[in-house]
Amino acid sequence: MQQEKSEEDHHSRLINVTAKDLTAGNRRLVEVPYTATISHAMNTLVANSISALPVAAPPGHWIGAGGSMIMESDKQTGVVRKHYIGILTMLDILAHIAGEDSDLSDLDRKMGSQVSSIIGHCLEGLSLWTLNPNTSFLECMEVFGKGIHRALVPVESSIESSNTIAGVELIESASAYRMLTQMDLLRFLRDHHFDDLKTVLSRSISDLKAVHDSVYAITERTTVSSAINVMKGALLNAVPIVHAPDVPQEDHLQLINVGFIGRHRKVIGTFSATDLKGCRLPELQTWLSLTALEFTEKATGKERDVVSCGVEATMEEAIEKVVNRGVHRVWVMDQQGLLQGVVSLTDIIRSLRSALL
């Protein structure tokens, strides 16, 4: 009873929470070997309902993403068993199978390629980080507030204390890791009530400057292949689909800067790389020739499901929406349902940390 009480006191303040606490309930790391086929990797992502996973290779043969040296070693002997060389995301897979040279009749060959051949097709795959288990919650927020979506946390770090800024490491060796994501941070905030946060969470997203009012969108006539190519070029994992009957035909092949041509457009859907999680391989060949709107409806099984809020929504409401719906952004609308901006997980974490400091 006394121990339970002390743990409760320890976590009553956000300042006491560490990366180790944040990953305590997370499952074992889901990964694939560098020799795995893209088909196998996609099945692994779908089966585990995740949108990215690390790729492992034998030590000594690869340069890790971003020059990283993140190793898994034997707990007793310290002998290195594997080297994590990068992150594979759903967007990497989509960009590979529906890219500029897309030949949908060649899908079987493309899905039989090794995952090592497509790491880094999208920039996120070249970002591989670890966080020391003792990294504080605020330091984790600093990292994730800069747009890093996930990091590996050693279960037992070989580095006792982190001397690097915000606990980020590019060199690490541990017997096991767990993945910590932006969503884990926000889920933790939703599930725990901290006195430090009550006032901040009650403030509006506009007051906390969490809203981006320049939004890139695609139209209801944009095809999946066009959408993927422009998303890859603009480093976007998702875009709103807007009703734009007045734009020239060529604009359906590219991103529309909604802030530039007038934000007041009706959002009729969201096209996201993670939609692929609901798509079986036999269906891909026919679905990729559809418009992004049609693809989304088929892949998610939902008709035009848009997660949105108003500019006066509180930060607590925004966090509830992203965590409960499992999305990585909320479209900000006016009372007529017209697009005003976007709030991403990065925006939420960055603005929260700024307010706390």
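## Two helix crossings

A crossing is left-handed if the near helix is turned anticlockwise from the far one by less than a right angle. In this predicted model, helix H6 passes helix H14 in just such a left-handed crossing. H6 covers residues 137-144, and H14 covers residues 345-356. Their axes lie 8 Å apart and meet at an angle of about 135°. Angles over 145 degrees would count as roughly antiparallel, and 65 to 115 as roughly perpendicular. H6 and H14 are therefore oblique to each other.

Which residues of H6 and H14 make the contact? From H6 come Leu138, Met141, Glu142 and Phe144. H14 supplies Thr346, Ile349, Leu352, Arg353 and Leu356. By class, this contact has six nonpolar residues, one polar and two charged.

## Helices H3 and H4

A second pair is formed by helix H3 (residues 38-48) and helix H4 (residues 90-97). They pack at an angle of about 140°, and 11 Å separates their axes. That angle makes H3 oblique to H4. H3 passes H4 in a left-handed crossing.

On the H3 side, Ile38, Met42, Leu45 and Val46 make the contact. On the H4 side, the residues are Met90, Ile93 and His96. Six of the contact residues are nonpolar and one is polar. How many charged residues does the contact of H3 with H4 have? There are no charged residues in it.

## Salt bridges: a network

The model has 11 salt bridges. Some of them join up. Glu31, Glu72, Asp74, Arg81 and Lys82 are linked in a network of salt bridges.

One bridge within this group pairs the side chains of Arg81 and Glu72, at 3.0 Å from N to O. Are these two partners buried or exposed? Arg81 has 39% relative accessibility, so Arg81 counts as partly exposed. Glu72 has a relative accessible area of 11%, which means that Glu72 is buried.

## Salt bridges: two more pairs

Arg187 forms a salt bridge with Asp184. The closest N and O atoms are 3.2 Å apart. Both residues sit in helix H7, which covers residues 182-191. Arg187 and Asp184 are three residues apart there, so about one helical turn separates them. An α-helix has 3.6 residues a turn, so residues three or four places apart point the same way. Arg187 is partly exposed, with a relative accessible area of 32%. Asp184 is buried, at 13%.

Another salt bridge joins the side chains of Asp195 and Lys198. The N to O distance is 3.5 Å. Asp195 has a relative accessible area of 55% and is exposed. Lys198 also counts as exposed, at 55% relative accessibility.

## Helix H9 and the residue after it

Helix H9 runs over residues 224-234. Which residues of H9 are buried? They begin with Val224, Ser225, Ser226, Ala227 and Ile228. Val230 and Met231 complete the list.

Leu235 follows H9. The phi of Leu235 is positive, near 60°.

Terms used:
Residues are numbered from 1 along each chain as its sequence is written. This is a predicted model: local features need pLDDT of at least 70, side-chain atom pairs count only at pLDDT 80 or more; totals for chains, interfaces and linings use all residues. Side-chain values use heavy atoms; hydrogens and water are left out. Axes are lines fitted to C-alpha atoms, for helices over the stretch in contact, and angles run from 0 to 180 degrees between N-to-C directions. Helices (H or I, at least four residues) and strands (E, at least two) are DSSP runs, numbered from the N terminus. Angles under 35 degrees count as roughly parallel, over 145 as roughly antiparallel, 65 to 115 as roughly perpendicular and the rest as oblique. Contact means heavy atoms within 4.5 Å. Ala, Val, Leu, Ile, Met, Phe, Trp, Tyr, Cys and Pro count as nonpolar, Asp, Glu, Lys and Arg as charged, and the others, Gly among them, as polar. A salt bridge is a side-chain nitrogen of Lys or Arg within 4 Å of a carboxyl oxygen of Asp or Glu. Buried means under 20% relative accessible area, exposed over 50%, partly exposed in between (1.4 Å probe, protein chains only).
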